[in-house]
Structure formats: structure tokens, C-alpha cells
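Biologist: I am new to this structure and would love a close look at a single part of it. Could you take me through the largest pocket, and then show me how the rest of the chain is arranged?

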Amino acid sequence: MKGERVVGLVAVTVALLVAFVLAGPSWAEEKVITLKFSNFWPAPHKNSVTADQWAKDVEAQTKGKVKVTVYHGATLTPPPQTYDSVINGICDIGMSALAYSRGRFPLTEVIDLPLGYKSGAQATALINAYYKKFNPKEFDQVKVLFFHAHGPGILHTKKPVRTMEDLKGMKIRSTGLSAKVAQALGGAPVGMPMTESYDALSKGVADGILAPYEAMKGWKLGEVVKYTTENYGSAYSTAFFVVMNKEKWASLTPDVQEVINKLSQEYAVKYGKVWDEIDKEGKDFILSRGNKVIKLSPEEDARWAKQVAPILDEYVKNTTGKGLPGDEALKFCQEFLKGEPKAPAKEAPKTKKPAKEAPKTK
């Protein structure tokens with residue numbers, strides 16, 4: 001009898017185990033999805049800190065279903081190869097500059113034109129509005145999460161530049177369309193990613209750089225330049241993408257996709273604000289080191305803006321020649337910048353009822 005009881009207990013235990021196995025997902029813990037995020041900024045940079053926060057928010061709002069590991073400092077993919085690495089699944093998410101793949105995003109190069117930008121928030125709002133309106137096919141191979149763009153790209157040099165003539169022949173680190181800006185203003189463009197700029201300036205490979213104030217502290221370039229020329233009339237920006245592998249995106253459940261989409265919209269705005277914060281920090285950094293800021297006179301600034309205007313015409317010619325609406329894109333951007341930010345319409349003042357006359361004293 002005792003043996004029969006033991007056998008019976010074993011049989012019941014085995015049956016329960018089989019039932020649990022067959023139940024599968026109903027009782028087993030869901031497998032965590034891990035996403036690899038390639039980012040080229042160094043880890044201490046505020047853009048990297050913001051990427052880390054985005055990753056934490058994704059994990060928190062998906063209740064741990066998704067964990068994003070951010071690889072900073074181009075440790076996973078080199079900046080010029082990040083976009084292809086996303087397409088090929090080497091990384092699941094990538095953030096880098098469109099300018100590192102010049103010619104690949106012909107319509108979106110409109111953002112990098114010297115349009116006279118005034119802030120990073122403005123440039124970031126513009127590129128996301130542009131993408132929403134034009135939905136260019138050049139991004140069809142990826143899932144676009146969001147874009148951002150830096151504040152005014154201006155001139156930082158080892159020698160003072162007060163007029164266009166001072167710039168003539170100087171070797172200026174630039175990338176993408178900013179190389180055309182450097183050339184139009186009389187400089188000699190030297191193409192390279194930001195990761196190589198510090199050494200180039202310190203070793204004399206470059207005499208200056210076109211970049212936002214952010215780079216002075218974020219990339220420590222304020223240590224290897226002495227002067228900044230605020231050429232705001234010809235200021236450009238650089239567009240940055242945050243994109244995801246399409247197959248990996250399609251594999252996510254709708255609730256996870258909804259979380260990532262919502263956070264991406266929020267972080268597009270947040271990155272614009274971060275750019276303005278780090279531009280201020282960059283300017284404060286060089287001033288604390290004793291670097292000099294040169295403000296162009298209104299006449300000289302207008303002269304620089306006029307000098308780079310043919311770059312805009314060339315953009316329109318090249319894009320329309322490829323059957324792309326470059327003229328419409330440029331017009332959209334110029335009108336957006338004139339009206340951004342738009343003040344809310346004021347309500348018409350309400351007509352006040354005439355006050356009742358006080359009763360006359362008899």
C-alpha cells in the first residue's frame with residue numbers, strides 16, 4: 001500500500017509539471033527584449049545622457065518588457081556607418097548625423113543649408129515638421145523614431161576672423177553641406193567626423209571648425225581654438241537621425257510600439273531644448289578660458305549671408321533635377337523659420353457692458 005501511494009504521488013507531480021509546461025506563456029515569465037542602441041557622442045555628453053534617459057523611460061513604460069542598451073562613443077558602429085548598421089541589424093537603433101552620408105538623403109539636406117538658424121529648438125522643430133510633411137522615401141529602409149538638429153553652426157578658429165577676407169585659405173573642418181559653407185566663405189574645407197576634430201585642430205591639420213557652441217565643451221574643442229566668430233546670418237545646422245531596424249520594429253508588440261512612438265515624440269522636443277542648454281554651456285566654457293567672441297557687424301553678417309546664398313540655389317537645382325520637390329522643401333523651411341515659434345492667436349477683446357449709472361442723489 002505504501003508503495004502504491006508513493007507511485008501515485010509521483011504520477012500526480014509529473015502530471016502537474018506537464019500541465020505547467022503545456023501552459024507555456026500563461027505562467028512563464030515573458031522574455032525581455034534587448035535592443036542595442038549605437039550613439040557616437042561620448043558618454044558624459046548631454047546628448048548621451050538624454051539617450052540613456054530615453055532608454056530608461058522605454059524600459060519603465062513597457063514595464064520591463066524592453067531593455068535598451070546604449071553604446072556611447074561610437075563603440076558599436078563608426079558614425080558614418082551607423083545608418084547601414086541599423087539597416088543590416090548590426091545595431092537595432094542608431095543615432096548619427098545625416099551629413100556623414102552625404103548624397104544619401106538629398107531632399108533632407110535642406111535642413112543642413114545655411115538658413116540663418118537661431119536655436120537648436122528651432123532647428124529640431126523644423127526637421128520633425130519637415131519629415132511629417134514630406135515623408136521622404138530616402139528613409140524607407142528604416143523605422144524613423146525622430147530627428148533633432150543642433151543650434152547655429154558658426155565659425156571657431158585659432159586666429160581671429162573679423163571679415164570674410166580673414167578666412168581666406170584657412171583650413172576649416174566641416175562635414176556635409178557645411179563644407180560648402182566653408183568654401184563659399186573663402187575657407188578650405190577639411191572633411192572629417194566630429195570624433196577626429198580635436199586632434200586635427202591641436203595638430204594643425206585644421207585651422208578652425210564650423211560647429212555649434214555645444215562642441216566647444218561637449219567635444220572640448222574650446223581647448224584648441226581661441227576665437228569664435230558669430231556669423232549668424234549664414235549659420236547652418238546639422239540634422240541627426242534616431243532610427244530603428246524595420247524587422248526589429250515589426251517584431252515588437254503594438255503596445256510596445258505605442259510606448260516607443262510616444263516617447264520619441266516627447267524626446268524630439270527634449271533634444272531641441274538640450275541643444276540650447278549645451279550651446280549656452282559651450283559659450284560659457286570658452287569665455288571662462290579667456291577665448292574671444294567676435295560679433296560681426298550687421299553689414300558684414302549680411303555680406304556673409306549673401307555669399308552663401310548660391311548654396312541654396314544649387315540645392316534646389318540638384319533636387320528638382322532628380323525629380324524631388326527641393327523647391328517646395330526649401331520654401332517650407334524658410335517660411336517655418338520666419339514663423340517659428342508662432343504665437344497663439346489672440347482672442348478678440350470682449351466688449352464690456354457699459355457700467356450702470358449710479359442713481360442720482362435727490
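Modeller: Here is a walk through the pocket, followed by the enclosed spaces, two residues and the confidence of the model. A few ground rules come first: residues are numbered from 1 along each chain as its sequence is written, and side-chain values use heavy atoms, with hydrogens and water left out. This is a predicted model, in which local features need pLDDT of at least 70 and side-chain atom pairs count only at pLDDT 80 or more, while totals for chains, interfaces and linings use all residues.

Let us start with the pocket. On a 1 Å grid over the protein atoms alone, a pocket is an open set of points with protein on both sides within 12 Å along at least five of seven lines, whereas a cavity is a set where a 1.4 Å probe fits but cannot get out; lining residues have an atom within 4 Å of a point. Grid points are joined across faces, edges and corners, and a volume is the space filled by probe spheres set on the points. The largest pocket holds about 470 Å³ of space. Its lining has 21 residues, and N128, A129, F146, Q265 and A268 lie nearest the centre. At least two lining residues come from each of α4 (120-134), β4 (142-149) and α10 (254-288), and α4 gives the most, with eight. Helices (H or I, at least four residues) and strands (E, at least two) are DSSP runs, numbered from the N terminus. Sorted by class, the pocket lining has 10 nonpolar, seven polar and four charged residues. Here Ala, Val, Leu, Ile, Met, Phe, Trp, Tyr, Cys and Pro count as nonpolar, Asp, Glu, Lys and Arg as charged, and the others, Gly among them, as polar.

Next come the enclosed spaces. There are three cavities of 30 Å³ or more. The largest cavity has about 140 Å³ of space, and of its 17 lining residues, Y100, H150, M194, T238 and F240 lie nearest the centre. Its lining has 11 nonpolar, four polar and two charged residues. The second largest cavity has a volume of about 80 Å³, and its lining includes L98, R102 and F105.

Two residues give a closer view of the fold. N47, in helix α2 (residues 46-61), counts as buried because its relative accessibility is 0%; buried means under 20% relative accessible area, exposed over 50%, and partly exposed in between (1.4 Å probe, protein chains only). Leaving aside neighbours within four places in sequence, N47 is in contact (heavy atoms within 4.5 Å) with W41, M95, Y271, V274, W275 and I278. R303, in helix α11 (residues 298-321), is partly exposed, with a relative accessible area of 33%. Not counting residues up to four places away, R303 touches M164 and E165.

Stepping back, the protein chain has 12 helices and 11 strands, and buried residues make up 46% of its 362 residues.

Finally, a word on confidence. The predictor's confidence in each residue is its pLDDT, from 0 to 100; the chain's mean is 89, and 85% of its residues reach 70 or more. Over residues 341-362 the pLDDT is below 50, and this stretch has zero contacts in the model beyond near neighbours in sequence. Residues 16-28 also stay under 50, with two contacts beyond four places in sequence. Where pLDDT is low, the predicted coordinates should not be read in detail.
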